[in-house]
Amino acid sequence: MQYTAELPVRGSYDVVVVGAGPAGIGAAVTAARLGRKTLLVEKYGYPGGVGTYGCCTIFFRFGERGEKLIGGLAEEVIRRMDARGAASFLINDGCAMPEFRPIGDRPLLGKVITKTEDLRVVYHDVLTESGVEKLFYAHLCGVIREDRQVRGIVVDCLEGPGIIEGKVFIDATGDAHLVHRAGGTTDQAAPDETMHKSIFFMAGGVTPHNPDVNSRRYEELFKAGATPDMVWAHLGYSYQLNPGIVQLCSAYANGDGCSSADMTRMDHELRKRNFELVDFMQREMPGYEHSFPAYSAQQVCVRSGRHIRGVTPLTVDLISRDELPEQPIVRITRYSGSHSTKQKEGFNPAKRVSLGGFSAIPYGALVPDEFDNVLASGRCISVDECLMDTIRMMTTCMVTGQTAAIAADLAIDQSISNLADVPYANLREGLLAQGCLL
């Protein structure tokens with residue numbers, strides 16, 4: 001996007017992070033703690049991404065099969081949440097029921113459920129205490145590019161547009177909006193080839209019942225064609241830490257998560273569909289007779305959208321090898337396929353493959369191949385579409401953000417002109433120093 005009028009420069013920074021989801025939080029906090037002048041830009045008025053605007057209260061994949069995969073800032077956040085009574089383990093491998101007791105000093109190996117309002121405050125506190133400058137209620141609307149360098153971004157603030165200058169820019173927007181607006185090459189699968197979209201919501205007024213009975217009854221009704229249209233093949237729900245509140249997440253829609261028109265259409269469809277789901281639950285499920293939609297996600301939640309074209313993409317071939325890729329930054333599971341767009345055929349598509357063991361995200365998946373001073377983090381890194389379920393969880397996204405910040409710090413400190421050339425030995429040392437597990 002070209003601007004002909006002179007715009008004011010709002011500030012100059014070492015590291016500019018766009019997007020305050022888990023990846024952006026990981027990047028901004030880490031960069032600031034490493035002593036870099038850091039700005040975090042976010043369109044909402046609070047941080048957290050899908051964990052705060054999307055009613056997605058569960059942190060997945062701290063561990064898998066009894067082995068710990070994630071540490072670092074993600075663990076710090078959960079420990080702080082636990083200290084204020086706002087986090088709990090789930091009692092089984094599903095997403096249904098919290099323990100309703102403190103985590104304490106137990107290792108984080110399973111799924112953790114949190115309270116949304118507390119999470120907003122904890123994220124704000126961590127950012128502020130780390131010295132991050134926050135610019136929220138601000139939208140990215142343009143990029144100033146010179147050859148392979150991004151010199152600045154244009155943000156539209158409540159008081160008007162302005163330019164933010166930086167040495168390193170980290171795209172943590174979820175859909176590679178920074179790279180896209182800079183004219184970089186991106187990849188995006190067709191809507192029917194990616195995971196569906198949702199608006200999770202919280203049902204209030206739920207009374208005690210047997211959830212296993214409800215789950216079995218739901219699946220019977222689904223097979224009989226007696227559930228609402230466009231809902232999961234199984235009852236998607238999780239009891240929250242506040243009494244009488246249950247998250248319902250079975251309704252879905254298909255569309256382009258990077259199209260304003262399509263997102264508008266899906267928002268309307270999903271909010272109507274959620275009321276149909278409540279009516280169904282009131283009519284068919286014990287415990288939900290007096291339930292109601294208490295609050296819902298503030299936007300359509302997208303599991304996968306636009307991705308950068310990276311120096312080393314995370315591919316099916318890469319995770320199929322019985323060894324970690326070069327320059328690993330965080331370990332991941334080795335399976336592909338999830339969240340079918342045709343639930344009549346089942347929750348997971350036929351191409352679902354699980355290889356067992358672990359692989360890892362390579363550093364090169366964070367490095368756009370057309371830019372020298374830009375990195376990506378979170379779900380917009382370079383990855384095969386069918387592998388999105390291995391990298392999109394909040395815990396993993398936060399580590400990719402931390403990685404991007406450490407690489408930025410090293411590049412600035414060592415006067416490295418191209419972020420692809422950051423020495424991996426130093427990057428790995430930095431990750432270990434931040435408590436990230438390799």
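Tyr-44, Tyr-46 and Tyr-53 come together as one aromatic cluster in this predicted model. One member of that cluster also takes part in a contact with a charge, since the charged end of Arg-120 sits over the ring of Tyr-46, at 4.2 Å from its centre. A second arrangement of this kind involves Arg-65, whose charged end lies over the ring of Phe-358, 4.8 Å from the ring centre.

**Aromatic pairs**

The aromatic pairs number 5 in total. Phe-59 and Phe-62 are one of these pairs, and because their ring planes make an angle of 20 degrees, with the centres 6.5 Å apart, the pair counts as stacked. Both partners are enclosed, Phe-59 being buried and Phe-62 likewise. Tyr-218 and Phe-280, by contrast, form an edge-to-face pair, in which the planes stand at 85 degrees and the distance from centre to centre is 5.9 Å. Tyr-218 belongs to helix α6 (residues 211-223) and Phe-280 to helix α7, so this pair ties together parts of the chain that are 62 residues apart in sequence. Tyr-218 has a relative accessible area of 0% and is therefore buried, and Phe-280, also at 0% relative accessibility, counts as buried as well.

The contacts that involve aromatic rings and for which a distance to a ring centre or between ring centres is given can be set side by side.

| Partners | Kind | Distance |
|---|---|---|
| Phe-59 and Phe-62 | stacked pair | 6.5 Å, centre to centre |
| Tyr-218 and Phe-280 | edge-to-face pair | 5.9 Å, centre to centre |
| Arg-65 and Phe-358 | charged end over ring | 4.8 Å from ring centre |
| Arg-120 and Tyr-46 | charged end over ring | 4.2 Å from ring centre |

**Nonpolar cores**

The largest nonpolar core holds 98 residues, and those with the most contacts inside it are Val-112, Ile-153, Leu-314, Ile-361 and Tyr-363. Helix α10 (residues 394-413) gives the most to this core, contributing 12 residues. Apart from this core lies another, of 20 residues, which includes Tyr-218, Tyr-239, Val-246 and Met-285. The surroundings of Ile-153 illustrate the contacts within the model: leaving aside residues up to four places away in sequence, Ile-153 touches Val-16, Val-18, Val-41, Leu-140, Gly-142, Val-143, Gly-162, Ile-163, Ile-164, Phe-169 and Leu-178.

**Strands and sheets**

Strand β1 (residues 9-18) has 7 of its 10 residues buried, so the strand is largely enclosed by the rest of the structure. β1 pairs in the parallel sense with strand β11 (residues 160-171) over 8 bridges, and within this pairing Val-9 has Ile-163 as its bridge partner in β11. β1 is also joined to strand β2 (residues 38-41), again in parallel, by 4 bridges, with Val-15 standing opposite Thr-38 of β2.

An open sheet of 3 strands is arranged in the order β3-β7-β6, with antiparallel pairing. Its edge strands, each of which pairs on one side only, are β3 (58-59) and β6 (87-89). Between β6 and strand β7 (residues 112-114), which run antiparallel, there are 3 bridges, and Phe-89 stands opposite Val-112 in β7. Val-112 is also one of the residues with the most contacts inside the largest nonpolar core.

Another open sheet consists of 4 strands in the order β14-β15-β13-β16, and its pairing is antiparallel. Here the edge strands are β14 (237-239) and β16 (292-296), each pairing on one side only, while the twist from one strand to the next averages 30 degrees. β14 is joined to strand β15 (residues 246-248) by 3 bridges in an antiparallel arrangement, in which Gln-247 of β15 is the bridge partner of Ser-238. Helix α7 (residues 260-284) packs on this sheet, where the helix touches β13 (201-204), β15 and β16, and its direction makes about 145 degrees with that of β16.

**Arg-145**

Arg-145 is located in strand β9 (residues 139-146) and, with a relative accessible area of 31%, is partly exposed. Not counting residues up to four places away in sequence, Arg-145 touches Val-150, Ala-182, Gly-183, Gly-184, Glu-370 and Phe-371. Arg-145 and Ile-199, which are 54 residues apart in sequence, lie 35 Å apart in space from C-alpha to C-alpha.

Key
Residues are numbered from 1 along each chain as its sequence is written. This is a predicted model: local features need pLDDT of at least 70, side-chain atom pairs count only at pLDDT 80 or more; totals for chains, interfaces and linings use all residues. Side-chain values use heavy atoms; hydrogens and water are left out. A nonpolar core is a set of buried Ala, Val, Leu, Ile, Met, Phe, Trp, Tyr and Cys residues joined through side-chain atoms within 4.5 Å. Buried means under 20% relative accessible area, exposed over 50%, partly exposed in between (1.4 Å probe, protein chains only). Helices (H or I, at least four residues) and strands (E, at least two) are DSSP runs, numbered from the N terminus. Contact means heavy atoms within 4.5 Å. Two strands pair if DSSP finds at least two bridges between them. Axes are lines fitted to C-alpha atoms, for helices over the stretch in contact, and angles run from 0 to 180 degrees between N-to-C directions. Rings of Phe, Tyr and Trp (its six-membered ring) pair if their centres lie within 6.5 Å; planes under 30 degrees apart count as stacked, over 60 as edge-to-face and the rest as tilted. A charge sits over a ring if NZ of Lys or CZ of Arg is within 6 Å of the ring centre and within 35 degrees of the ring normal.
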